[in-house]
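Work through the exercises below with the sequence and the structure at hand. Each task is followed by a solution in steps.

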Amino acid sequence: MIRDAIDQAILGGIKDNLSRNQLSPEMLQMINSSLNADNKNVELFKWAHLVLMSCECVGGSSDTAIPGAIAMELAALAADIYDDIQDQDNDDLPWRQIPVANAINLAICLSMLSINTVTKSYGEDNELCRELCQIVSDMWITASDGQFQEFLYDAKEEITLDQYFELVEHKSGSLVSSACKIGATLGGASLLMIGQLEKFGIDFGLMNQIRNDLSDFLNFQKKNDFVLNKKTLPYVYLLNTLEGENAECFRKLRDNKENMHEQLKQLVVNEGAVSYCKVMYEIFRQKALAIIYDIPVSLNQKEKMIKLVEE
Amino acid sequence: MNYGNIAKLVHEAVKDPQRLLSGKTNSFPKKVSDNEYSIIQNTVLKNQAAGDVMAIGIIPEGLWA
């Protein structure tokens, strides 16, 4: 199926699910305005498409994977909403313009709609449904534990780079790897291949988080990362490498957060924070690419996955 | 992979890119793989050439961002 047709199928599936659940008009309106609201690209339903790519990679059919793809799209949206509420950023998004209590209820509803999609589409009493529900519940457990850790770390003066990467694996890595696992499971992949795509997902998730961290760290208008002492990769790198005068300068910038933009930008570049982010991004990119090349299917089948991580 | 060792090497490299080019790194033993070292070389030298802080502070978004 071409992309537009797939998007129509995804949207149709979501609408069917919503009407089946007889939600209030206000909740329906919020869900509809929230779908794809955070997509920077023109392309829609990026999480659903990741599931479908993963399914196709292992030789599965995207037709049968659509409900699983929808489930992942709704779960990822819920996770985004929870994250933005907790981080207090992305103020321009629909869920940040309603009372927090309602945003939380919106996220809860989306989380449950995600599971509902799986059980209603694949049947509650079969192994496939159980496997998919297990993947989704494992994802929520790992991601929320990661989020919990993130808040503990933000309250600390310092964390190590090891702690940062472990955290990101749990947060972003778990969502991306779950999308890949759902796709692979729906595609009938062997346990080995599911495991390979899970690892790919973790590395791909790390790549995306590193890119976002670097971009957001210097985006003072839209993001609050530095102001809130969020332990992003540039921040953690500077904490762990600066010494002497530069460490003192960074401490002062942290304590006096006004008028620090230009100084912070120079520090980030001159002390190698930008370079480090790019190095780590490239390391994980090469790891992810190697995993995909290693999957025992034709190049044609895994072409879309390769394109996600090739230069 | 040792994240800390990579960080130390990157930090030294941005301070003295020529030493990175020459292969003479730092006083402590190189504890990164050959591939990691190569990635560090390419990245630091590319950033040095770019110059502008906002231009280099970006990793392009891929097909899925």
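**Exercise 1.** In which helix of chain A does Arg251(A) lie? Classify its exposure, and give its C-alpha separation from Leu239(A).

Solution. The model is a predicted one.
- Step 1: Arg251(A) belongs to helix α10, which covers residues 244–255 of chain A.
- Step 2: the relative accessible area of Arg251(A) is 36%. Buried requires under 20% and exposed requires over 50%, so Arg251(A) is classed as partly exposed.
- Step 3: Arg251(A) and Leu239(A) are 12 residues apart along the chain, and their C-alpha atoms are separated by 9.1 Å.

**Exercise 2.** Place Gly12(A) in its helix and classify its exposure. Then state how far its C-alpha atom is from that of Arg254(A).

Solution.
- Step 1: Gly12(A) sits in helix α1 of chain A, residues 3–20.
- Step 2: Gly12(A) has 30% relative accessibility and therefore counts as partly exposed.
- Step 3: between Gly12(A) and Arg254(A) there are 48 Å from C-alpha to C-alpha, for a sequence separation of 242 residues.

**Exercise 3.** Describe how α1(A) packs against α5(A), giving the geometry and the residues that meet.

Solution.
- Step 1: helix α5 of chain A spans residues 100–122, and its axis comes within 11 Å of the axis of α1(A). The two axes cross at roughly 100°.
- Step 2: angles from 65 to 115 degrees count as roughly perpendicular, so α1(A) is roughly perpendicular to α5(A).
- Step 3: on the α1(A) side, the contact is made by Asn17(A), Leu18(A) and Arg20(A). On the α5(A) side, Leu113(A), Asn116(A), Thr117(A) and Lys120(A) take part.
- Step 4: sorted by type, the residues of this contact between α1(A) and α5(A) are two nonpolar, three polar and two charged.
- Step 5: a general point helps in reading such lists. An α-helix has 3.6 residues a turn, so residues three or four places apart point the same way.

**Exercise 4.** Two serines of chain A lie in helices: Ser111(A) in α5 and Ser172(A) in α7. For each, decide whether it is buried or exposed, and list its contacts beyond four places in sequence.

Solution.
- Step 1: Ser111(A) has 6% relative accessibility, so it counts as buried.
- Step 2: beyond its sequence neighbours within four places, Ser111(A) is in contact with Ala78(A), Tyr82(A) and Trp140(A).
- Step 3: Ser172(A), in helix α7 (residues 161–186), has 15% relative accessibility and so counts as buried.
- Step 4: with residues up to four places away set aside, Ser172(A) touches Gly205(A) and Gln209(A).

**Exercise 5.** Locate Asn36(A) and Phe45(A), and comment on their phi angles.

Solution.
- Step 1: Asn36(A) is in the loop between α2 (25–34) and α3 (46–57) of chain A. Phe45(A) also lies in the loop between α2 and α3.
- Step 2: the phi of Asn36(A) is near 65°, and that of Phe45(A) is about 50°.
- Step 3: most residues other than glycine have a negative phi. Asn36(A) has a positive value without being a glycine, and Phe45(A) likewise is not a glycine and has a positive phi.
- Step 4: Phe45(A) counts as buried because its relative accessibility is 2%.

**Exercise 6.** Check the length of α12(A) against the expected span, and describe how it is covered. Then examine Tyr276(A).

Solution.
- Step 1: α12(A) runs over residues 273–294, which is 22 residues. At 1.5 Å a residue it should span 32 Å, and its end C-alpha atoms are 32 Å apart, so the values agree.
- Step 2: 17 of the 22 residues of α12(A) are buried, so the helix is mostly covered.
- Step 3: Tyr276(A) lies in α12(A) and is buried, with a relative accessible area of 0%.
- Step 4: apart from residues up to four places away, Tyr276(A) touches Leu161(A), Phe165(A), Leu233(A) and Tyr237(A) in chain A, and Tyr3(B), Ile6(B), Ala7(B) and Val10(B) in chain B.
- Step 5: the C-alpha atoms of Tyr276(A) and Ser298(A), 22 residues apart along the chain, are separated by 34 Å.

**Exercise 7.** Summarise the make-up of chain B.

Solution.
- Step 1: chain B has four helices and zero strands, in the order α-α-α-α.
- Step 2: of its 65 residues, 43% are buried.
- Step 3: chain B exposes about 3600 Å², of which carbon and sulfur atoms supply 53%.

Conventions:
Residues are numbered from 1 along each chain as its sequence is written. Chains are lettered from A and ligands numbered from 1 in the order in which they are written. This is a predicted model: local features need pLDDT of at least 70, side-chain atom pairs count only at pLDDT 80 or more; totals for chains, interfaces and linings use all residues. Side-chain values use heavy atoms; hydrogens and water are left out. Buried means under 20% relative accessible area, exposed over 50%, partly exposed in between (1.4 Å probe, protein chains only). Accessible areas come from the Shrake-Rupley method with a 1.4 Å probe; for residues, only the protein chains shown count as cover. Axes are lines fitted to C-alpha atoms, for helices over the stretch in contact, and angles run from 0 to 180 degrees between N-to-C directions. Angles under 35 degrees count as roughly parallel, over 145 as roughly antiparallel, 65 to 115 as roughly perpendicular and the rest as oblique. Contact means heavy atoms within 4.5 Å. Ala, Val, Leu, Ile, Met, Phe, Trp, Tyr, Cys and Pro count as nonpolar, Asp, Glu, Lys and Arg as charged, and the others, Gly among them, as polar. The expected span of a helix is 1.5 Å times one less than its number of residues.
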